[in-house]
Amino acid sequence: MARLHLQLAIVGAYLGIALAVGVVAYRLTEDTAEDYYLASRTLGTVVLLFTTFATLLSAFTFFAGPNIAYSIGPEWILVMGVMDGLLFAVLWYVVGYKQWLVGRTRGYVTLGEMLGDRFGSKPLRGLVAGISLFWLFPYVMLQQRGAGIALEALTDGAVPYWAGALVITLFMILYVAISGMRGVAWTDTLQGAFMLSVVWLAVLWVLAEVGGPGVATARMGEAAPEFLALGGGAYTPQYVVSTAVSIAFGVTMFPQINQRFFAAGSKETLQRTFSLWPVLVLLLFVPAFMLGAWARGLGVQVPEGSNVLPILLGEYTAPWFAAVVIAGALAAMMSSSDSMLLSGSSYLTRDLYRPLVGASDREALVARLGVVAFALGAFVLSLHTNATLLQIGDTAFGGFAQLALPVVVALYWTRTTRAGITAGIVGSQAFYLASVFLAQVPGSYAGWSGSIVGMGLGLLLTLGVSLVTTPAETERRAVYFEGLRAD
């Protein structure tokens, strides 16, 4: 009982610190949409880097990643740590810099606003927002499911799955309602540093217990020789490239990530941030995923539906430290979920509510009610699914990835038409949804995922339809990009 109280006290203390940061940020937040959603576009390098870092590091990273490494080997580091770290850094600048320029000049808060104005189309604005909210839903659910599983494992079932997920859900609703982007970004910086610290302490502790990295790797090779061979097992070239590309492009279109492109304080902030990004990613992914791979050789048994990291720490570290690491995992989930709910509320109010009803004094209330409904709906669904964290996360990544190439074309090719980008978005989304939910449509093609094929289809439709259609009078073309300067 004393152990349980200690574990819950550690987790509770962490939640209290996060809430305190949110209250301070609330007192400094101006009563404007730009400040609430984008911190008045003033984020500096350290805060932008860590808020993006912490926002991305969700239950998918802390639990699904080590689980994958435990099951099929440590080359998951190559997929996430190297390829996605580098790919997303490039996309950060290719997409993010142009978005930052356009957003700063014209005051955009959401991707839907930017595209709707570019092509003079409220339906396109609503389409982008609707698709984004649709794919955001399962990713919020992933965080709640991960939190419930983590707290249940930490307390040996004393806190049931549903209770853990509900507590985190209610905390996120409260936090987002009061803090806004400034509070989210500040807390993310704290959470990002905390996550890095506890993961490296976990690695050092476990390795000290087993005799060092050489011993852990040797035992891993004895238990699973294929883990030591590059490109073995499930890690085919098609799988590695498909997964890395889908995740990197999907991340770029995540509402909570995409909005951070608008929030940077300067061009130099963007440049420094994308340059540091691959380093920060490797500093977390390498230790986290190697813990999962080493666990295979240490005889750690993971029941179906459970996660390897809490079990490994429970066997090789003190109970209080396992609680600290779980608090770090919860930090990852909350730093993703609070940003998702904040971004989701901006998409709901600015891209769906405002075009239909117009700006009104009730907009803030609608945003908060939307957060509540969205979070509670995802929580209820999380109680009625048996999908793994990997399945949920991978599906959402692929859905967001379908938006990426039409958006890149629209940002850089002035000949893009409203019909072209609409066809690209609708066509790729329809194909991807069919590949995920219809048994008659294959999920892969010669080893290449349906997500990659859908992205190619979206690109071809955007280019092809744009070439054979005439821009409407309400579209902005070359003039849209005039006068965009970094200084």
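These are my notebook entries on helix packing and aromatic contacts in this structure.

**Entry 1: the model.** I am working from a predicted model.

**Entry 2: helix 18 against helix 19.** I looked up how helix 18, residues 418-437, packs on helix 19, residues 450-468. The angle is about 160°, and the axes lie 7 Å apart. Angles over 145 degrees count as roughly antiparallel, so I note helix 18 and helix 19 as roughly antiparallel to each other. I also checked the handedness: helix 18 passes helix 19 in a right-handed crossing. Next I listed who makes the contact. From helix 18 I find Ala-419, Gly-420, Ile-421, Ala-423, Gly-424, Gly-427, Ser-428, Phe-431, Tyr-432 and Ser-435. Helix 19 answers with Gly-450, Ser-451, Val-453, Gly-454, Leu-457, Gly-458, Leu-461, Thr-462, Val-465 and Ser-466. I sorted this contact by class and got 9 nonpolar, 11 polar and no charged residues.

**Entry 3: helix 11 against helix 19.** I then turned to helix 11, residues 237-253. Its axis and that of helix 19 come within 9 Å and cross at roughly 60°. An angle of that kind falls outside the parallel, antiparallel and perpendicular ranges, so helix 11 is oblique to helix 19. I read the crossing of helix 11 and helix 19 as left-handed. On the helix 11 side, I see Ser-242, Val-245, Ser-246 and Phe-249 in the contact. On the helix 19 side, I see Ser-451, Ile-452 and Met-455. The split for helix 11 with helix 19 is 4 nonpolar, 3 polar and no charged. I marked Ser-451 twice, since it is listed in the contact with helix 18 and in the contact with helix 11.

**Entry 4: helix 5 against helix 6.** Which way does helix 5 run relative to helix 6? I took helix 5 as residues 76-94 and helix 6 as residues 96-106. Their axes come within 3 Å and cross at roughly 25°. That makes helix 5 roughly parallel to helix 6. Leu-91, Trp-92, Tyr-93 and Val-94 of helix 5 meet Gly-96, Tyr-97 and Lys-98 of helix 6. I count the classes here as 5 nonpolar, 1 polar and 1 charged.

**Entry 5: rings.** How many aromatic pairs are there? I get 14 aromatic pairs. I also picked out one aromatic cluster, formed by Phe-88, Trp-92, Phe-261 and Trp-277. Trp-92 is a residue I had already noted in the contact of helix 5 with helix 6.

**Entry 6: charges over rings.** Lys-98 came up again. Its charged end sits over the ring of Tyr-412, 4.0 Å from the ring's centre. I found Arg-118 over the face of Phe-119, at 4.4 Å from the ring centre.

Methods
Residues numbered from 1 in each chain as written. Predicted model: local features only at pLDDT ≥ 70, side-chain atom pairs only at ≥ 80, totals over all residues. Heavy atoms only, no water. Axes fitted to C-alpha atoms, helices over the stretch in contact; angles between N-to-C directions. Helix = DSSP H or I, 4+ residues; strand = E, 2+ residues; numbered from the N terminus. Parallel < 35°, antiparallel > 145°, perpendicular 65-115°, else oblique. Left-handed = near helix turned anticlockwise from the far one by under 90°. Contact = heavy atoms within 4.5 Å. Nonpolar A, V, L, I, M, F, W, Y, C, P; charged D, E, K, R; others polar. Phe/Tyr/Trp six-rings, centres within 6.5 Å; stacked < 30°, edge-to-face > 60°. Lys NZ or Arg CZ within 6 Å of the ring centre and 35° of its normal.
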